[in-house]
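Let's take a look at one protein model together. Keep the 3D view open while you read.

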Amino acid sequence: MTTKEKVFKILFDAVDYVNGEEIATVLDISRTSVWKAVKALEKDGVLIDSVKNRGYKLIAGDLLNASEIVEKAIDVKNVKITPESASTQADAKKDLEENTLYLANAQEQARGRFGRSFYSENGRGIYMSLVIKPHVKFSDMPQYTVLTAAAVVQAIQNLTGIDTQIKWVNDIYMNGKKLAGILTEAQTDVESGTVTDVIIGIGFNFAIQNFPDDIKDKVTSLFTQHPPITRNELIAEIWNQFFYLLDKDYLKIYKDHSLVLGREVSFEQNGEEYTGKAVDLTDKGELIIDTDQGQKIISSGEISLS
Ligand code: BTN
């Protein structure tokens, strides 16, 4: 454990203020080192109150911990944390190390589908991208976005009992607002037609209290001030569910948590606007919609709920 992690643990376990002198003695370090560790924690988005003659108290936030995640997430071989990344998706694509999870406390240029941005708050969200190397033909590739969405809702359910929904195709919703988004990108070898790398990015609002005005009506956070679980625990559970569900019926979980099945939706196909009832999903995760102009199947794009 680093000094920063040790200081965090002391503050995390304490119920009240802990004196800087006491922390220094316990860890056998100088008071300056304690102060430096506190500053480093604050830089990671951890909120610490410091009061003269009383010491430090943890107010909010947790610390990403690579070794804890590797230990808990069975199939994740390596975790690389960049404190302030432009985008973990870009970090992952640059490195492409198999079964490696690229994590960040904050992102400056997080991207979602259709080049949209994804709001990030230092230390309060989960921003991560996993690289896997399936080496199968593109047509045989599992529906990774569907699988990941199922893994996210299942992980939340397992750890917190909270029921979340999936808005086709890649958004996780809670109480009618967006909680998380998934971005799956694949790279294929042109010669052999096999998928060499899949990069699965997840942006998750974990403990964000205030969102900017322009998005605050559309997005939500799993927790606000005092989460009963840590980001490390949720990250590990998401990837454990992902690998566990890989050869299971993840489409069923996806359907069971669908926000759109049975509802009126609007969408665009080949430049035409349609409205209809979302009735089912194909085995490939495409959405089947009954419209006045017949049944339509859409594999990508955006739908709006009426
Ligand atoms: C979406 O809402 O359309 C998907 C959002 C995906 C955001 C995540 S955050 C981690 C990874 N890095 C990125 O730049 N994007 C993904």
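What follows is a quick tour of a sheet and some aromatic rings in this predicted model.

## The sheet

Start with the strands. Seven of them make up an open sheet, and going across you meet β3-β4-β5-β9-β8-β7-β6, with mixed pairing. The edge spots belong to β3 (78–85) and β6 (165–167); each has a single partner strand, so one side of each has no neighbour in the sheet. On average, neighbouring strands here are turned by 20° against each other, direction ignored.

Now zoom in on β3. Its link to strand β4 (residues 100–107) is made of seven bridges, and the two run parallel. For Val-79, the bridge partner in β4 is Leu-101.

## A helix on the sheet

Helix α5 (residues 88–95) packs on this sheet, where it touches β3, β4, β5 (125–132), β8 (177–188) and β9 (195–205). The direction of α5 makes about 150° with that of β4.

## Aromatic rings

Next up, the rings: the model has seven aromatic pairs. One of them is Tyr-144 with Phe-242, a stacked pair at 6.1 Å centre to centre and 20° between the planes. Tyr-144 belongs to helix α6 (residues 144–160) and Phe-242 to helix α7 (residues 231–245), so this pair ties together parts 98 residues apart in sequence.

Are these two residues buried or exposed? Tyr-144 is buried, at 6% relative accessible area, and Phe-242 is buried too, at 1%. Both also belong to one aromatic cluster, along with Trp-239 and Phe-243.

Another ring to find is that of Tyr-244: the charged end of Lys-248 sits over it, 4.2 Å from the ring's centre.

Notes
Residues are numbered from 1 along each chain as its sequence is written. This is a predicted model: local features need pLDDT of at least 70, side-chain atom pairs count only at pLDDT 80 or more; totals for chains, interfaces and linings use all residues. Side-chain values use heavy atoms; hydrogens and water are left out. Rings of Phe, Tyr and Trp (its six-membered ring) pair if their centres lie within 6.5 Å; planes under 30 degrees apart count as stacked, over 60 as edge-to-face and the rest as tilted. Helices (H or I, at least four residues) and strands (E, at least two) are DSSP runs, numbered from the N terminus. Buried means under 20% relative accessible area, exposed over 50%, partly exposed in between (1.4 Å probe, protein chains only). A charge sits over a ring if NZ of Lys or CZ of Arg is within 6 Å of the ring centre and within 35 degrees of the ring normal. Two strands pair if DSSP finds at least two bridges between them. Axes are lines fitted to C-alpha atoms, for helices over the stretch in contact, and angles run from 0 to 180 degrees between N-to-C directions. Contact means heavy atoms within 4.5 Å.
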